[in-house]
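Colleague: I'm new to reading structures, and I'd like to learn how the words people use are justified. Could we go through one together?

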Amino acid sequence: MREILMIDNSVEQEVVPTVPDLNSFRVISERGGSRERFSARENFFGGEFTHERARQAFEDYKSLRDQLDKANRRKDLQRKLELARNGNRKAIEVEIRRNEFSYYPQGGEVIFVCADFEEAEARVMELIGPVKPADRHDRYCRLGESKAIHDQGKNGPYNGFEAVCQFETRGKLHKFSRSWRIDYDEKKGPHFNVIVRPSQIVSGSATLDKSDPESLNIAIVFPGNIDTYKKHLNTIEMYAITSLVNGDTAGHSLDYLTVAGGIK
């Protein structure tokens with residue numbers, strides 16, 4: 001969220017939170033012309049976060065990741081072709097054609113940069129979708145330093161959960177393992193880690209493989225610093241405590257994140 005700084009009580013100057021240098025990461029963008037994919041899904045589903053919307057978002061982010069990787073491989077192969085001698089050119093040309101026309105996904109983390117925390121929050125809620133409290137395996141941390149999953153109540157503060165979700169769309173049964181947590185590191189700054197795995201990879205437990213090419217491992221980055229992270233971690237922790245005490249009082253299962261303006 002952007003802030004306005006008053007100078008001499010008369011001049012307004014916009015203060016834009018900084019975003020770290022992410023040149024060393026795989027950074028995806030969903031802009032195609034003037035249309036954004038998130039906005040298209042938002043309009044199609046009428047602003048609701050559903051299992052089907054989560055599934056479509058999962059496929060969409062994977063497609064963006066695969067397009068980025070294909071473009072990067074294309075650049076590398078073109079450079080190799082320019083430097084290759086005649087004897088090696090044929091093999092490189094085969095690799096170029098394979099890259100263009102074959103399905104060649106690459107696992108591992110990708111980065112998506114948001115304008116503010118509110119956008120990041122909405123994208124997390126979209127990818128995770130509705131998850132009943134009873135289906136969650138809660139995550140706790142020590143200011144982002146511990147990534148272990150603990151039994152509920154053993155550690156804190158609360159910073160996310162894992163869940164295995166099963167739902168049916170058009171007569172087809174889908175099963176996904178979904179995980180989110182709010183985190184901070186010096187390279188990416190404050191961000192959400194979201195990992196989604198489809199049914200064929202889920203095998204009896206919610207353990208997540210971050211490198212599988214059919215899974216999505218995405219860091220949803222928002223502007224700020226360590227203090228920004230601590231503020232939102234504290235708010236999420238407060239709401240988690242309220243949810244545990246009051247149960248699912250809102251009548252839905254999207255009670256795991258705050259919304260703009262405070263706690264739901």
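Colleague: Which residues touch the most other members of the largest nonpolar core?

Modeller: Keep in mind that we are looking at a predicted model. The largest nonpolar core has 38 residues, and those touching the most other members are Tyr61, Leu127, Trp180, Phe192, Val194, Ile218 and Ile220. Helix H4 (117-128) is among the elements that supply at least two residues, and H4 gives the most, with seven residues. Strand E9 (189-198) and helix H5 (226-246) also supply at least two each. Another core, of five residues, lies apart from this one and includes Leu77 and Ile96.

Colleague: How do you know that Phe192 is buried or exposed?

Modeller: We set its value against the cut-off. Buried means under 20% relative accessible area, and Phe192 has 0%, so Phe192 counts as buried. Across the chain of 264 residues, buried ones make up 43%.

Colleague: What makes Phe117 and Phe192 an aromatic pair, and why is the pair called tilted?

Modeller: There are two checks here. Ring centres must lie within 6.5 Å, and the centres of Phe117 and Phe192 are 5.8 Å apart, so the rings pair. Next comes the angle: under 30 degrees would be stacked and over 60 edge-to-face. The planes of Phe117 and Phe192 are at 35°, so this pair is tilted. The two rings come from distant parts of the chain, with Phe117 in helix H4 and Phe192 in strand E9, 75 residues apart. Phe117 is buried too, because its relative accessible area is 7%.

Colleague: And why is the pair of Phe167 and Phe176 called stacked?

Modeller: The angle decides again. The planes of Phe167 and Phe176 are 15° apart, with 6.1 Å from centre to centre. Since stacked means under 30 degrees, the pair of Phe167 and Phe176 is stacked. Phe167 has a relative accessible area of 8% and so is buried, and Phe176, at 5%, counts as buried as well. The structure has ten aromatic pairs, and ring pairs link Phe117, Phe161, Trp180, Phe192 and Phe222 into a cluster.

Colleague: What makes Glu30 and Arg123 a salt bridge?

Modeller: The distance does. A salt bridge needs the nitrogen and the carboxyl oxygen within 4 Å, and the closest N and O atoms of Glu30 and Arg123 are 2.5 Å apart. Glu30 lies in the loop between strand E2 (11-15) and strand E3 (31-32) and Arg123 in helix H4, so the salt bridge ties together parts 93 residues apart in sequence. Both Glu30 and Arg123 are buried. In total, the structure holds 17 salt bridges.

Colleague: How do you know that Arg98 and Glu95 are about one helical turn apart?

Modeller: Count along the helix: Arg98 and Glu95 are three residues apart in helix H3 (residues 86-101), so about one helical turn separates them. Their side chains meet in a salt bridge, 2.9 Å from N to O.

Colleague: Why are Arg98 and Glu95 called partly exposed?

Modeller: Partly exposed covers what is in between the buried limit of 20% and the exposed limit of 50%. Arg98, at 46%, therefore counts as partly exposed, and so does Glu95, at 33%. For a contrast, try the salt bridge of Asp66 and Arg65, with 3.0 Å from N to O. Asp66 has 17% relative accessibility, so Asp66 counts as buried, and Arg65, at 1%, counts as buried too.

Colleague: What makes you say that a charge sits over the ring of Tyr61?

Modeller: One part of the test asks for the charged end within 6 Å of the ring centre. Arg41 is at 5.5 Å from that centre and lies over the face of Tyr61. Likewise, the charged end of Arg53 sits over the ring of Phe38, 5.3 Å from its centre.

Colleague: Where is Arg41, and is Arg41 buried or exposed?

Modeller: Arg41 is in helix H1 (residues 37-44). With a relative accessible area of 5%, Arg41 is buried, because buried means under 20%. Among the residues Arg41 touches are Glu30, Tyr61 and Arg123. Arg41 also belongs to a network of salt bridges with Arg37, Glu42, Arg53, Asp60 and Glu126.

How values were computed:
Residues numbered from 1 in each chain as written. Predicted model: local features only at pLDDT ≥ 70, side-chain atom pairs only at ≥ 80, totals over all residues. Heavy atoms only, no water. Core = buried A, V, L, I, M, F, W, Y, C linked by side-chain atoms within 4.5 Å. Buried < 20%, exposed > 50% of the residue type's maximum accessible area, 1.4 Å probe, protein only. Helix = DSSP H or I, 4+ residues; strand = E, 2+ residues; numbered from the N terminus. Phe/Tyr/Trp six-rings, centres within 6.5 Å; stacked < 30°, edge-to-face > 60°. Lys NZ or Arg CZ within 6 Å of the ring centre and 35° of its normal. Contact = heavy atoms within 4.5 Å. Lists of a residue's contacts leave out its neighbours within four places in sequence.
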